[in-house]
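Biologist: Could you take me on a close look at the ligand site in this one? Start there and then work outwards.

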Amino acid sequence: MIIVSGSSSRNLANDLAQRINLEHVRATSRKFPDGECYVRIEKEMIDEEVIIVQNSYPNDMLVELFLLQDATRNLGAKKIINVIPYFGYARQDKIFLKGEAISARVMAKHLDLEADKVITVDIHTPKIIEWFGKATAIDVHAAECIGKYFINDGIDLVLAPDQGASGRAKAVASVLGSTWDHLLKTRLSGTEVRITPSNVDARGKKVLIVDDIISTGGTIEAATRELRRLGAKAVYAACTHGLFIGGALERLRKSCDKIVATNTIEGEVSMISVAPAIAAALQ
Ligand code: R5P
């Protein structure tokens, strides 16, 4: 078995390969002058199983992923395990307005065509996993990796920005041996959220906010404001998938005392590797 990485996930694939002692082949990827994607795996053949590590976001990475599935089959792979650290389009998981597509289901159905097993990390909605048909799909969680990263930071309280994310806060808190709670969030627009004033006991505490995705940063900014109002001593923020759209990282660096993400999306603050969680799921 070998690991093949596409261009979204070189570091994570490398870490994974070292942990489970497999060869890591970096697929060549480039663009044609018209913007179309090209991939090539420089191997004579692939025996039996291959693990492809590649995101399905943004669109070019999704196309690379489809091409890598085909390229590995063409080299003889009998079984394809797709590790999709950040599964894109997951937030359009239902019809919000008549006439829309269920984008997450479209992606699952099409990736399923050439996958035998799929591993995602903190997929936005667990029901997406059921939309894979023949492939066995599992979602692994980054909470333990996030908790271990902050183990020496003296975190007093782990907080979810909304009730739906409180399971993640609880899981991180159990690694840290700290308390956990959640705020109440209402989304006002794509970039704006309101955090309802709360009676969370944050006075004098070092608080870690955990979320699955940081996109525009609106959620973490609003949560941080509320925690400062409540008298928190320090506010740290961590997420699994750091998209950091439109200057979000710069803004959050000004409002939070520390901001970190996992390496499902590789970037400036992707300090936490989810390779241990993926390795456990593979073994
Ligand atoms: C929402 O359901 C997610 O869990 C995140 O809270 C959300 O995607 C964060 O988005 P933003 O950073 O744009 O507030």
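Biologist: How far from an oxygen atom of the ligand does a polar side-chain atom of Asp 211 lie?

Modeller: That distance is 2.5 Å, between a polar side-chain atom of Asp 211 and a ligand oxygen. Before going on, keep in mind that this is a predicted model, where local features need pLDDT of at least 70 and side-chain atom pairs count only at pLDDT 80 or more, while totals for chains, interfaces and linings use all residues. Residues are numbered from 1 along each chain as its sequence is written, and side-chain values use heavy atoms, with hydrogens and water left out.

Back to the ligand. Asp 212 also has a polar side-chain atom 2.5 Å from a ligand oxygen, and for Lys 185 a side-chain N or O atom is 2.9 Å from an oxygen of the ligand. In total, 13 residues surround the ligand (a heavy atom within 4 Å). The closest of them are Asp 211, Asp 212, Ser 215, Thr 216 and Thr 219.

Asp 211 and Asp 212 turn up again in the largest pocket, which holds about 780 Å³ of space. Of the 33 residues that line that pocket, Arg 91, His 124, Asp 211, Asp 212 and Ile 213 are the closest to its centre. Helix H5 (166-176), strand S11 (184-187), strand S13 (206-214) and helix H6 (218-229) are the elements that give two or more residues to the lining. S13 has the largest share, with four residues. By class, the pocket lining has nine nonpolar, twelve polar and twelve charged residues. A pocket here is an open set of points on a 1 Å grid over the protein atoms alone, with protein on both sides within 12 Å along at least five of seven lines; a cavity is a set where a 1.4 Å probe fits but cannot get out, and lining residues have an atom within 4 Å of a point.

There is one cavity of 30 Å³ or more, and the largest has a volume of about 40 Å³. Asp 212 is part of its lining too, along with Tyr 86, Phe 87, Ala 90, Asp 122, Ile 123, His 124, Ile 213 and His 241. That makes five nonpolar, two polar and two charged residues by class.

Moving outwards, a few spots are worth a look. Phe 244 is in the loop between strand S14 (234-242) and helix H7 (248-255); its phi is near 45°, a positive value in a residue other than glycine. Phe 244 counts as buried because its relative accessibility is 16%, under the 20% cut-off (1.4 Å probe, protein chains only). Glu 48 has a positive phi as well, near 55°, and is found in the loop between strand S4 (37-40) and S5. Just past S5 (49-53), in the loop that leads to helix H2 (59-74), you meet Pro 58. A cis peptide bond joins Tyr 57 to Pro 58, with omega about -10°.

Last stop: His 24, in strand S2 (residues 23-26). His 24 has 17% relative accessibility, so it counts as buried. Its side chain makes polar contacts (N or O atoms within 3.5 Å, one able to donate a hydrogen and the other to accept it) with the side chains of Ser 5, at 2.7 Å, and Asn 14, at 3.0 Å. Leaving aside neighbours within four places in sequence, His 24 is in contact (heavy atoms within 4.5 Å) with Ile 3, Ser 5, Arg 10, Ala 13, Asn 14 and Ala 17.

Note on methods: Buried < 20%, exposed > 50% of the residue type's maximum accessible area, 1.4 Å probe, protein only. Points joined across faces, edges and corners; volume = space filled by probe spheres on them. Nonpolar A, V, L, I, M, F, W, Y, C, P; charged D, E, K, R; others polar.
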